[in-house]
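Colleague: Could you take me through one part of this model in detail? I'd like to pick one helix and then work outwards from there.

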Amino acid sequence: MELNFKVDEKLCIACKNCVEDCPVKIIGFDGLPFVKDDSACLMCQHCLAVCPTGALSIFGKNPLKSINSQEINIDGNELEKFIKYRKTIRKFKQDELPLETINKLIEVTSYAPSGHNSKKTMLTVTGTKKETDSLINLMMDRFEKYLENNRLPGKYGFLKYVLYQYKKKGIDITFRGAPHIIITSIPEGDNISYVDTIIALSYFEIYAHSLNIGTVWSGIGKYYFDLMPELKDFLQIPPGYKIGYLMGFGFSAVKYYRTAQHDKLQHKILGL
Ligand SMILES: Cc1cc2nc3c(=O)[nH]c(=O)nc-3n(C[C@H](O)[C@H](O)[C@H](O)COP(=O)(O)O)c2cc1C
């Protein structure tokens with residue numbers, strides 16, 4: 001990709017922050033910063049972000065359009081309370097989210113870190129309840145067929161109960177009745193990027209909850225896709241991609257009045 005690395009010489013104060021902060025050390029300095037090797041660029045835009053005067057542009061980005069550090073008033077105490085308050089939602093209102101909200105969720109999720117800034121995660125979202133229902137119907141129908149033709153490995157036994165609840169009682173355990181589903185996918189054979197898809201969904205989840213939108217990770221959904229990877233064709237996921245993980249989301253139909261009180265994870269602090 002064309003770097004389009006530009007420095008406004010009237011604004012540059014020769015602090016060399018960009019030279020020092022570049023993670024792949026491709027910025028040199030000769031009175032003004034310049035790029036020594038285009039091909040190694042991670043496209044992380046740290047050079048643009050670390051410039052105190054907004055003198056530096058890359059990929060045609062205008063630094064004035066960035067959120068300025070002075071606009072960010074995040075308070076650790078509030079964030080702590082918010083993180084502790086978040087809960088998995090298993091009862092959803094059936095209202096669809098406005099398209100702008102879905103787009104905003106996708107936009108913010110795109111700021112999740114990824115290994116080597118590869119940003120290979122693809123996000124697929126059901127934009128309507130109808131689309132969500134079609135996906136669940138397909139999953140359940142295909143699973144019924146799967147059972148006719150295959151022996152179900154023991155660890156997937158629970159999926160029969162999920163199917164029964166759906167077919168006989170109309171209860172969706174897979175996504176807990178969420179009106180929307182987000183599915184991550186990554187190129188097949190790229191096992192490193194799998195973790196990126198999980199981080200992306202973690203960002204998605206946290207941001208969603210800040211908008212009062214509930215989420216549920218669907219390990220059950222992932223099981224169905226493990227057994228029947230061809231389901232991804234319905235999602236128009238390109239050939240050569242595999243599913244990362246799945247999450248239901250929508251407005252919560254449950255209000256939590258307080259946080260849970262979790263014990264600390266097992267941990268060791270070395271050196272003390
Ligand atoms: C990878 C992963 C898979 C999960 N799969 C499911 C699932 O299939 N169904 C479900 O109801 N909850 C699922 N959960 C939610 C967990 O059960 C939940 O995070 C846990 O019970 C703690 O509750 P909390 O998120 O409200 O703190 C999953 C969570 C994670 C991280």
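Which elements do the buried residues of α8 pack against?

Modeller: Quick caveats before we dive in. This is a predicted model, so local features are taken only at pLDDT of at least 70 and side-chain atom pairs only at pLDDT 80 or more, while totals for chains, interfaces and linings use all residues. Numbering runs from 1 along each chain as its sequence is written, and side-chain values rest on heavy atoms, with hydrogens and water left out.

Now, your helix. The buried residues of α8 pack against three helices, α5 (129–149), α6 (158–169) and α7 (193–210), and against the strand β8 (241–251). Helices here are DSSP runs of H or I with at least four residues, strands are runs of E with at least two, and both are numbered from the N terminus. The buried set in α8 consists of I220, G221, K222, Y224, F225 and L227. By buried I mean under 20% relative accessible area; exposed is over 50% and partly exposed lies in between, with a 1.4 Å probe and protein chains only.

For a view from the α6 side, go to L159, which sits in that helix. L159 counts as buried because its relative accessible area is 1%. Skipping residues up to four places away in sequence, L159 touches F143, I220, Y223, Y224 and L227, where a contact means heavy atoms within 4.5 Å. I220, Y224 and L227 are among the buried residues of α8, so to speak the other half of that packing. L159 and L123 are 36 residues apart along the chain, and their C-alpha atoms are separated by 25 Å.

L123 turns up again at T109, in helix α4 (residues 99–109). T109 touches L123, A200 and F204, again leaving out residues up to four places away in sequence. With a relative accessible area of 4%, T109 is buried. The side chain of T109 also reaches back to the backbone oxygen of L105, at 2.6 Å.

Back to α8, which has a second job to show you: the ligand. Both β7 (213–217) and α8 (219–227) supply at least two residues each to the shell around the ligand. That shell is made up of R86, K87, T88, R90, R176, V216, W217, S218, G219, I220 and Y245; a residue is in it if one of its heavy atoms lies within 4 Å. I220 therefore deserves a second look: this buried residue of α8 is in contact with L159 and also belongs to the ligand shell. Sorted by class, the shell has 4 nonpolar, 3 polar and 4 charged residues, with Ala, Val, Leu, Ile, Met, Phe, Trp, Tyr, Cys and Pro counted as nonpolar, Asp, Glu, Lys and Arg as charged, and the others, Gly among them, as polar.

Zoom in on the ligand's oxygen atoms next. A polar side-chain atom of T88 comes to 2.5 Å from one, and R86 has a polar side-chain atom 3.0 Å from a ligand oxygen. An N or O atom in the side chain of R90 is 2.7 Å from an oxygen atom of the ligand. On its own the ligand exposes 620 Å², and the protein buries 62% of that; these areas come from the Shrake-Rupley method with a 1.4 Å probe.

Finally, step back. The protein has 8 helices and 8 strands, and buried residues make up 36% of its 272 residues. It is divided into domain 1 (6–69) and domain 2 (81–251), with bounds from an automatic or database domain assignment. Taken over C-alpha atoms, the centres of domain 1 and domain 2 are separated by 37 Å. The C-alpha trace spans about 75 × 45 × 45 Å along its principal axes.

If you'd like one stop in the other part of the chain, try C47, found in helix α2 (residues 46–50). C47 counts as buried at 9% relative accessibility. Apart from neighbours within four places in sequence, C47 is in contact with F5, C18, I27, L56 and I58. Q45, in the loop between β3 (33–35) and α2, has a positive phi near 65° though it isn't glycine. Q45 is partly exposed, at 27% relative accessibility.

How values were computed. Polar contact = N/O pair within 3.5 Å; in protein donor to acceptor, adjacent residues only side chain to side chain.
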